[in-house]
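Here's a quick tour of the fold and its packed interior, pitched for someone at the bench. Have a look at the structure first, then read on.

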Amino acid sequence: MTTPDSQALHRAKPVEGRTLRDVCGHFVTGVTVITAGTGEEAAGTTVNSFTSVSLDPPLVLFCLHNDSRLRSIVEDGGAYVVNFLSGRQEKLARAFAGKSTAAITDVAHHSSVTGVPVLSDALAFLSCRLVNTFHGGDHTIFVGEVVELGVPRDNQEPLIFFRGFLGALEEEPRGVHPIFDG
């Protein structure tokens, strides 16, 4: 049974953005470069807010800050590619991470079925048609249907993001216990 005194001890304080970012930094994520647009408008940005949503239909999502230069390109073009980076591509991730980033023409790429650039040296990729967008505070959530995919670099480790740092997985024996989607 809780008493009024114990309830006062467990009241949540307002959550500050920096504190939330620090705590969420303890969750390991993969690192992607989202590409969008075609021709002269083609651009990319580094994103770690990616997840699969559904297998049937095949849906994935990622989030972009509302002020992101890529936001309007994705919305106007109606398509994007999620490029999963390998542990050897930290420099590429950093090149696409800032406000002024690498140009698509600066990296090896080819067109997906939607016409959006695929980074040719990516670990894997998902080409998506934009299905919906949702307001998510200071971010926009983009949901896309996967229309093409590939794993050109299957024998490489992924690039990961943890506690504010990019890096490759350490080489350790892999577990034998699969995780099932339930």
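Let's start with one residue in this predicted model. Glutamine 89 sits in the loop between S6 and helix H4 (90–95). Is glutamine 89 buried or exposed? Its relative accessibility is 10%, so glutamine 89 counts as buried, the cut-off being under 20%. Leaving aside residues up to four places away in sequence, glutamine 89 touches Phe84, Asp121, Ala122, Leu123 and Leu159.

Ala122, one of those contacts, also turns up in a nonpolar core, which brings us to the interior. The largest nonpolar core has 16 residues, and Ile34, Phe62, Leu70, Val74 and Tyr80 have the most contacts inside it. Which elements feed this core with at least two residues each? They are strands S2, S3, S5, S6, S9 and S10, plus helix H3. S5 gives the most, with three residues. Apart from that core lies another, of 14 residues, which includes Val31, Ala42, Leu119 and Ala122. In soluble globular proteins, nonpolar side chains tend to be buried together.

Now zoom out to the whole chain. The protein chain has four helices and 12 strands. Here are some overall figures:

| Property of the protein chain | Value |
|---|---|
| Buried share of the 182 residues | 34% |
| Share of contacts (residues at least 6 apart in sequence) that join residues at least 24 apart | 63% |
| Exposed area | about 11900 Å² |
| Part of the exposed area supplied by carbon and sulfur atoms | 54% |

Key
Residues numbered from 1 in each chain as written. Predicted model: local features only at pLDDT ≥ 70, side-chain atom pairs only at ≥ 80, totals over all residues. Heavy atoms only, no water. Core = buried A, V, L, I, M, F, W, Y, C linked by side-chain atoms within 4.5 Å. Buried < 20%, exposed > 50% of the residue type's maximum accessible area, 1.4 Å probe, protein only. Contact = heavy atoms within 4.5 Å. Areas by Shrake-Rupley, 256 points an atom, 1.4 Å probe, with all protein chains shown as cover.
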